[in-house]
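Biologist: Please show me how to read the features of this model. I would like to begin with a sheet.

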Amino acid sequence: MTRAPADAALTTATDPAEVLAFYRGAPRSLAQFLGDVADVVALWPARGPILNACADRYHFLVGLAASAVAGRMTVLPATHAVETIKSLHAQMPDLYCLADSDFPVALPMLRFPRLDSGGRRREALPVPRIPLDRPVATVFTSGTTGTPAAHVKTWGSLVAGARAEAARLGLDDGPVWSLIATVPPQHMYGLESSVMLGLHGRALVHHGRPFYPEDIADALAAVPRPRLLVTSPVHLRALLTSATVTPALDAVLCATAPLPRALAEEAERRLDAPLHEIYGATEAGQIATRRPTQDELWTLFPGLVLEACDTSFVVHGGHVETPAVLGDIIEPSGPRRFRLHGRGTDIVNVAGKRSSIAFLEQQLLAIPGVVDGAFYMPDEDLAGPVARLTAFVVAPGLSAASIETALRARLDPVFLPRPLVLVDALPRLATGKLPLAALRRLLASRTRQVGGRHG
């Protein structure tokens, strides 16, 4: 009887000369990567978890690998806001921070070392093997539905998830892909699809995190084809509304919110590449994919099982080691496919009529000239005795009245926002998500301003 392996290699790469990443204009070999990991391991204090705050994706990759090899927990909060980090430090007094730039909170700091330019020949170190059951990362939810919650990921679950994703996207066979990502590696989607996919999915990680369309184009031009762009609806929309000429792409991967079909079709037409979506949650990681221009249904990853539990659904099996309750409204369509109907907390009831925040936002974003926007049903303490939907809108050149007129043609009158607030930008996380706490603060700030003007 063959026993299942108890560990897995740090990466599937085996040849010391094999390119693992693109770092500041030059390829980075496996030998260099393993030497970089050893250099960072040497920085680690005697004990304590490591908050990996590296903005450079290659630095993050090296830091994560060093923690995993050394048996240290990597801590990944959804935001580096001062109060968030202070609260985390109170819970973890021996927490250290690995950073490659200034950090806003006074934590014990470990500065990421300066790496050699590639001219120095590095000793060919063996590829480390890591126990599958070793906890390697604590990832926090984004707070879009309330207070961020921590979830621990083992090395085995991350490796299995990356291999399943690579197989689903067709990256496990054929040429090696270049991977450029606009999302941060500290988020579960970024961790899986822009870091672990590089270690266990035949994809070469580009070190940057391009944000503006011009930066995305420059990053794509710096790496060979085939090219995979890992992004979010917010970044994708910005890219499509710009006049930037994008170098040839071979695939686009999108997550953090379901894409309207019209936006997906425009993306495939403009970028001349298939667009795939990933559905998942921090609790479970990635669990399903779809190509929205061809199918509205999502297909589970191999080995995963979706089961009804009371009014929710639970996913387990495969790389999901601990059964996870999903917060979305799901409609099964056979044993391995399903439709999504928004989050359970996404449904609003106004005057006896029901809709979803996601649907309302799709109608808002479909208005020409609207760059970004979000609907929000305020808490009673902010809304008063009768809660009314609020909309925050980024639309340079449009008036609130013109936006309301356009919405009136698209929505039942009970779902028209009162008020509709024009803002310069929404307080989104780097992933593109909007935490509820940020929307509460935005509404509270406006309420104080209005109260002050009428006081």
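Modeller: This is a predicted model. Begin with one pair of strands: strand 18 and strand 19 (residues 312-317) run antiparallel and are joined over six bridges. Within that pairing, Val305 lies opposite His316 in strand 19.

Biologist: In what order do the strands of the sheet lie, and is the sheet open or closed?

Modeller: Three strands make an open sheet with the order 18-19-20, and their pairing is antiparallel. Strand 18 (304-309) and strand 20 (320-326) are the edge strands, each pairing on one side only. On average, neighbouring strands in this sheet are turned by 20 degrees against each other, direction ignored.

Biologist: Now a helix. Which residues of helix 7 are buried?

Modeller: Burial here means under 20% relative accessible area. In helix 7 (residues 233-241), the buried residues are Pro233, His235, Leu236, Arg237, Leu239 and Leu240.

Biologist: What do the buried residues of helix 7 pack against?

Modeller: Their helical partners are helix 6 (213-221), helix 8 (261-271) and helix 9 (357-365). They also pack against strand 13 (227-231), strand 14 (251-254) and strand 15 (275-281).

Biologist: Which elements have the lowest and the highest mean pLDDT?

Modeller: Where pLDDT is low, predicted coordinates should not be read in detail. The chain averages a pLDDT of 88, and 91% of the residues score at least 70. Among its elements, helix 2 (residues 57-70) has the highest mean, 98, and helix 10 (residues 380-383) the lowest, 42. The pLDDT is below 50 over residues 380-386, a stretch with four contacts in the model beyond near neighbours in sequence.

Note on methods: Residues are numbered from 1 along each chain as its sequence is written. This is a predicted model: local features need pLDDT of at least 70, side-chain atom pairs count only at pLDDT 80 or more; totals for chains, interfaces and linings use all residues. Side-chain values use heavy atoms; hydrogens and water are left out. Two strands pair if DSSP finds at least two bridges between them. Helices (H or I, at least four residues) and strands (E, at least two) are DSSP runs, numbered from the N terminus. Axes are lines fitted to C-alpha atoms, for helices over the stretch in contact, and angles run from 0 to 180 degrees between N-to-C directions. pLDDT is the predictor's confidence in each residue, from 0 to 100. Contact means heavy atoms within 4.5 Å. Buried means under 20% relative accessible area, exposed over 50%, partly exposed in between (1.4 Å probe, protein chains only).
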